[in-house]
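I opened this notebook to record what I looked up in one structure, entry by entry. Each entry takes up a residue or a region.

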Amino acid sequence: MVSIFDDITQITEDEVQRMLPLVNEQRRNEALRYKHLFGQFACLKSWLMLKELLRPLGVYDLKMEFNEHGKPLLVQHPDVHFNLSHCKNGIAVVVDFSPVGIDIESFRRDNLSLVRRTMNPIEAEWIHASSDPVETFTKYWTKKEAVVKLRGTGIIDDLNHVLDGENYRLETHLNREKRYAWSVAFTQ
């Protein structure tokens, strides 16, 4: 199950104040560590989105523990996996019964400077030959990030080869109007 939020008009101080009492103390403190309004909002909103996705599964206890790379796991429900992501244009949350990863990224031209360090030669060629290199790079980046988040390692892997021969089911979506892409990596 996936939930996407991209109505940035709702990102207000009033909305942050409304959401604060709806989350546990740990999440509230985490949200308040962010200096900028968007970070506070995304931290709170993603948690509330997660709670909504978990409710039909009968999961109400969101007590977490974290693996050595910081990937959160539900203590009382080890068979339920989730992942969260946000960028300036949206928030994405996924829940599944197998390890899963999600990433959402805004289209940004300055990301093209990362092509050589993060893409294999074929991917780099496709990006540079694309009619919209920024969009194409963002699609590949979200796929790679979703895979490493599924693995629970974060970006410690050699990103150039993350998608080479991988055995994951990937879904990638674009919102050209709001200028972002998101990908989900599911365990096969």
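**Entry 1: His81.** I began with His81, which I located in strand β4. The model I am reading is a predicted one. Is His81 buried or exposed? I found a relative accessible area of 18% for His81. His81 is therefore counted as buried, the limit being under 20%. Setting aside residues up to four places away in sequence, I listed what His81 touches: Val94, Val95, Asp96, Phe97, Ser98, Pro99 and Val100. For His81 and Val94 I also noted the C-alpha separation, which is 8.3 Å across 13 residues of sequence.

**Entry 2: the largest pocket.** I then turned to the largest pocket, which holds about 500 Å³ of space. Its lining comprises 28 residues, and I noted Gly70, Pro72, Asn83, Leu84 and Lys149 as those lying nearest the centre. Which elements give two or more residues to this lining? I recorded α2 (25–33), α3 (37–54), β2 (64–66), β4 (81–87), β6 (100–106) and α6 (133–151). Strand β4, where I had placed His81, supplies the largest share of the lining, five residues. By residue class, I noted ten nonpolar, eleven polar and seven charged residues in the lining.

**Entry 3: the nonpolar cores.** The largest nonpolar core has 27 residues, and within it Leu50, Leu54 and Leu74 have the most contacts. I found two or more of its residues in each of α1 (13–19), α3, β4 and β5 (90–96). Helix α3 gives the largest share, ten residues. I followed Leu50 further and, leaving out neighbours within four places in sequence, found it in contact with Met64, Phe82, Leu84, Val93 and Val95. Leu84 is also one of the residues nearest the centre of the largest pocket. Apart from this core I recorded another, of 16 residues, including Leu114, Tyr140, Val147 and Val148.

**Entry 4: the cysteines.** How many disulfides does a search of the whole structure find? I noted zero. Cys43 is in no disulfide, and the nearest cysteine sulfur to its own, that of Cys87, is 16 Å away. A disulfide requires the two sulfur atoms to be within 2.5 Å, so a pair 16 Å apart does not qualify. I checked accessibility for both residues: Cys43 is buried at 4% relative accessibility, and Cys87 is buried at 9%.

**Entry 5: Gln10.** I located Gln10 in the loop between β1 (2–5) and α1. Its relative accessible area is 33%, and I entered Gln10 as partly exposed. Beyond the neighbours within four places in sequence, Gln10 is in contact with Phe5, Glu15, Phe41 and Lys45. I singled out the pair of Gln10 and Phe41: these residues are 31 apart along the chain, and their C-alpha atoms are separated by 9.2 Å.

**Entry 6: Arg179.** My last entry concerns a backbone angle. Most residues other than glycine have a negative phi. Arg179, although not a glycine, has a positive phi of about 65°. Where is the place of Arg179? I found Arg179 in the loop between β7 (168–175) and β8 (180–187). Its relative accessibility is 41%, and I recorded Arg179 as partly exposed.

Methods
Residues numbered from 1 in each chain as written. Predicted model: local features only at pLDDT ≥ 70, side-chain atom pairs only at ≥ 80, totals over all residues. Heavy atoms only, no water. 1 Å grid on protein atoms, 1.4 Å probe; cavity = no way out; pocket = protein on both sides within 12 Å on 5 of 7 lines; lining within 4 Å. Points joined across faces, edges and corners; volume = space filled by probe spheres on them. Helix = DSSP H or I, 4+ residues; strand = E, 2+ residues; numbered from the N terminus. Nonpolar A, V, L, I, M, F, W, Y, C, P; charged D, E, K, R; others polar. Core = buried A, V, L, I, M, F, W, Y, C linked by side-chain atoms within 4.5 Å. Buried < 20%, exposed > 50% of the residue type's maximum accessible area, 1.4 Å probe, protein only. Contact = heavy atoms within 4.5 Å.
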